Amino acid sequence: MRACKHDQLFKERSKPLFESLTAASADAILGLIAEYRDDPRPQKIDLGVGVYRTPEGDTPVLKVVKHAEQILVDTQDSKAYIGTAGAADFNLAMQALIFGAASPDDRLVTIQTPGGSGSLRVAAGMILRSSPNASVWVSDPTWANHVPLLGGAGVKLKPYPYYDTKNHVIKIDEMLAALRAAPAGDVVLLHACCHNPSGLDPSVEDWQAIADIIVDRKLIPFIDSAYQGFGEDLDRDAYPIRLLAERVPEMMVANSCSKNFGLYRDRVGTLSLLVADRATRDVVNSQVNNLVRTIYSVPPDHGAAVVSLILNNKDLHDEWIIELAQMRERLRDMRVRLNDALIEKTPDRDFSHLLRATGMFCFLGITTAEVLRLKKDFGIYMVDSSRINVAGITVKNVNYLAESIAATLQRG
Ligand code: LMR
């Protein structure tokens, strides 16, 4: 009888927990996956979410990953927890991949994270723990999830000019001026290569000018490296990281293995924190591991174990390099083919910026209304900003794509 009375009281007094919530809007990028999937038109084209696709339009598991997974299945003898930092062999191999042979390892902490997003989230936590008033400067535009992810963690964000939507070039002078005016101790988020969404990266000279200002203004570089190997090659794509690591006392690098190992859903990444000296390294190491425990406790293992096998075995490594180059070359080829097809179908419009971009993305350079019409009338899916994933283009669909773009632009 008493229990019934309490139940009644609880019902009368408490409000349902979730009553105050209203529906959240669909994610600008991930929302397209379901929209595309549910579109019955056979000629539809997916240029939305950033996953690699073969000439047949598939996103298969890399062959080298299958080989490494077979070794794992045969040899793995435990699924017990790994620690907050993940596996040491993976972290060391990633350090060498990112920072190169001259990696300043006595000043570096590298931890395994759940993808690049997990890495960014831990980095945000470290900024809040060590310098809560620092702002993080982000390129305008930047990856659509940078702002919700970092801002949602509580970090203050400020934009710096980056992409000139009219001329399709980087606003390098304006970017440098904004960084010159940033207060010492602020953090600057930079894309190591294959800038997402624009596909346009600073030149070597631009990077040197950026590094000069960062050093001069005592800013903290925070580099997001999600496409190493998709731009020029593994070393050249890491150039800004290695340049800055030689010149600054402190920096952060968030890295993702989603694209270059095709391990998207396995969530593999690292966060590297470069610090001024060995003593600070020990403190930062303890803090970052403590922080991880409060967010996701320990990282997932499987994908990182696969990457570690690939990076630590010469035959697998060589096999990976070949598959990586094939992906990179296909992306380049599709840019050329789309530009060629557009020259034919819309001779009045210049799309040559497609060729200046590297990696998976670039802006088509059309309005949001035109993007929506391409979706509605032709089943062609891209982010509202007109960011396209060039991996969605194939030899078979490129003409239909160019014709549809031309028809949409003609209608004005
Ligand atoms: C993208 O930008 O499309 C990818 O990085 C996937 C994602 O999570 O947004």
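What follows is a short chat about helix packing, a pocket and some backbone details in a predicted model.

Q: What kind of model is this, and which cut-offs apply?
A: The model is predicted: local features need pLDDT of at least 70, side-chain atom pairs count only at pLDDT 80 or more, and totals for chains, interfaces and linings use all residues. Residues are numbered from 1 along each chain as its sequence is written, and side-chain values use heavy atoms, with hydrogens and water left out.

Q: OK, helices. At what angle do α15 and α16 cross?
A: Roughly 120°, with the axes of α15 (residues 368-378) and α16 (residues 398-411) coming within 10 Å. That makes α15 oblique to α16. Angles under 35 degrees count as roughly parallel, over 145 as roughly antiparallel, 65 to 115 as roughly perpendicular, and the rest as oblique. Axes are lines fitted to C-alpha atoms, for helices over the stretch in contact, and angles run from 0 to 180 degrees between N-to-C directions. Helices (H or I, at least four residues) and strands (E, at least two) are DSSP runs, numbered from the N terminus.

Q: Is the α15 and α16 crossing left-handed or right-handed?
A: Right-handed. The term means that the near helix is turned clockwise from the far one by less than a right angle; anticlockwise is left-handed.

Q: Which residues make the contact?
A: From α15, Glu370, Arg373, Leu374, Asp377 and Phe378; from α16, Tyr400, Ser404, Ile405, Ala407, Thr408, Leu409 and Arg411. Contact means heavy atoms within 4.5 Å. By class, the α15 and α16 contact has 6 nonpolar, 2 polar and 4 charged residues. Ala, Val, Leu, Ile, Met, Phe, Trp, Tyr, Cys and Pro count as nonpolar, Asp, Glu, Lys and Arg as charged, and the others, Gly among them, as polar.

Q: And how do α8 and α10 pack, at what angle?
A: At about 30°, with axes 10 Å apart; α10 covers residues 239-247. That makes α8 roughly parallel to α10. Their crossing is right-handed.

Q: Which side chains meet there?
A: Val204, Trp207, Gln208, Ala211, Asp212, Ile214 and Val215 are the α8 residues, and they meet Tyr239, Pro240, Leu243, Leu244 and Arg247 in α10. The classes are 9 nonpolar, 1 polar and 2 charged residues.

Q: What about α4 and α12, how do they cross?
A: At roughly 60°, with the axes of α4 (residues 88-99) and α12 (residues 302-311) coming within 9 Å. The two are therefore oblique to each other. This crossing is left-handed. Asp89, Phe90, Ala93, Met94 and Leu97 of α4 contact Ala304, Val307, Ser308 and Leu311 of α12. That contact has 7 nonpolar, 1 polar and 1 charged residues.

Q: Switching to backbone. Where are the cis peptide bonds at proline 141 and proline 197?
A: One joins aspartate 140 and proline 141, with omega about 5°. Proline 141 sits in the loop between β3 (135-140) and α6. Another joins asparagine 196 and proline 197, with omega about 25°. Proline 197 is in the loop between β7 (187-191) and α8 (204-216).

Q: What is the phi of cysteine 194?
A: Near 50°, a positive value in a residue other than glycine. Cysteine 194 also lies in the loop between β7 and α8. Most residues other than glycine have a negative phi, and most peptide bonds are trans.

Q: What does proline 249 touch?
A: Arg107, Leu274, Val275 and Ala276, not counting residues up to four places away in sequence. Proline 249 is in the loop between α10 and β9 (251-256).

Q: Last one: which elements help line the largest pocket?
A: Those giving two or more residues are α2 (31-37), α3 (63-75), α5 (115-130) and α6 (146-153). By class, the lining has 21 nonpolar, 12 polar and 11 charged residues.
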